Amino acid sequence: MQRFEATLAWQRGDQAFTDQRYSRAHRWRFDGGVDVPASSSPLSVPVPMSDPAAVDPEEALVAAAASCHMLFFLSLAAARGYVVERYDDHAVGTLDIGADGRLAITRIVLNPAIAFGGARQPDRAALAELHHEAHARCYIANSLKGDIVVEGFESCT
């Protein structure tokens, strides 16, 4: 078993609190020393009570799922002899009412653009297999209830 930790810090300062008009801006700190400005999404809590320049939890969840998928994809591609020169993704998460009637990220769509180098190039079937296996191994995806789909391939659920 492995443990992963993050530290969260928020302070009220001199703001009122019970009127719900307090800042949602806070900090995420990680063990490697990275300090990330975080906030609720301006889609959930209007500015100035949220910070649109900060990372919100919904964005972080989408990024974590996309990053996990990419990291397993790269490892699998290397193991099969493919050379990945570049991997870019524009991942999109959808917040909607889930099957249980509560708000949830119900779907994350990955839109990877992958450039391969060298003589060995995967065909569409090999690429689909890499994505399916990356999804199956991604423990972030395995932790979520919503669908994660790689655009251009059938659903990885």
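Tutor: Two strands pair if DSSP finds at least two bridges between them. This is a predicted model, and we can use that rule on its strands. An open sheet of 3 strands runs in the order β5-β6-β8, with mixed pairing. The edge strands are β5 (92–97) and β8 (147–150), since each pairs on one side only. On average, and ignoring direction, neighbouring strands of this sheet are turned by 20° against each other.

Student: Why do β6 and β8 count as paired strands?

Tutor: Strand β6 (residues 103–110) is joined to β8 by 4 bridges. The rule asks for at least two, so β6 and β8 pair. They run parallel. One bridge to look for joins I108 to its partner I148 in β8.

Student: What packs on the sheet?

Tutor: Helix α1 (residues 57–79) does, touching β5, β6 and β8. The direction of α1 makes about 40° with that of β6.

Student: What makes β1 and β2 a pair?

Tutor: Try the test again: 4 bridges join β1 to β2, and at least two are needed, so they pair. These strands run antiparallel, and T7 has R29 in β2 as its bridge partner. β2 also pairs with strand β3 (residues 35–38), again in the antiparallel sense and over 4 bridges. There, H26 has A38 in β3 as its bridge partner. The hairpin of β2 and β3 has 4 residues between the strands, and G33 takes a positive phi near 100° in it.

Student: Which side chains of β3 are buried?

Tutor: V36 and A38 are buried and point to one face. D35 and P37 point to the other face and are not buried.

Student: Let's turn to the rings. How many aromatic pairs are there?

Tutor: The count comes to 8 aromatic pairs. In one of them, W10 and Y22 lie 5.9 Å apart, centre to centre, with 75° between the planes.

Student: Why is the pair of W10 and Y22 called edge-to-face?

Tutor: Ring centres must lie within 6.5 Å, and 5.9 Å meets that; planes over 60 degrees apart count as edge-to-face, and 75° is over 60, so the name fits. The pair links distant parts of the chain, with W10 and Y22 12 residues apart in the loop between β1 (6–9) and β2 (26–30).

Student: Why is W10 called partly exposed, and what makes Y22 buried?

Tutor: Buried means under 20% relative accessible area and exposed means over 50%. W10 has 35%, between those limits, so W10 is partly exposed. Y22 has 15%, which is under 20%, so Y22 is buried.

Student: What makes the pair of F17 and Y22 stacked?

Tutor: Their planes are 25° apart, and planes under 30 degrees apart count as stacked, so that is the label. The ring centres are 4.5 Å apart. F17 has 40% relative accessibility, so F17 counts as partly exposed.

Student: How do you know that R24 lies over the face of Y22?

Tutor: R24 is 3.9 Å from the ring centre of Y22. The distance limit is 6 Å, so 3.9 Å passes; the charge must also be within 35 degrees of the ring normal. The charged end of R120 likewise sits over a ring, that of Y82, at 4.4 Å from its centre. Y82 is also in a cluster that ring pairs form with F73, Y87 and F116.

Student: What is in the largest nonpolar core?

Tutor: This core has 11 residues, among them V62, A65, I105, I108, I148 and V150. The elements that give two or more residues to it are α1, β6 and β8. α1 gives the most, with 4 residues. A second, separate core has 10 residues, including L76, F116, L130 and A134.

Student: How do you know that I108 touches V62?

Tutor: Contact means heavy atoms within 4.5 Å, so I108 and V62 have heavy atoms within that distance. Not counting residues up to four places away in sequence, I108 also touches others, including L61, A65, V92, L144 and I148.

Conventions: Residues numbered from 1 in each chain as written. Predicted model: local features only at pLDDT ≥ 70, side-chain atom pairs only at ≥ 80, totals over all residues. Heavy atoms only, no water. Phe/Tyr/Trp six-rings, centres within 6.5 Å; stacked < 30°, edge-to-face > 60°. Buried < 20%, exposed > 50% of the residue type's maximum accessible area, 1.4 Å probe, protein only. Axes fitted to C-alpha atoms, helices over the stretch in contact; angles between N-to-C directions. Core = buried A, V, L, I, M, F, W, Y, C linked by side-chain atoms within 4.5 Å.
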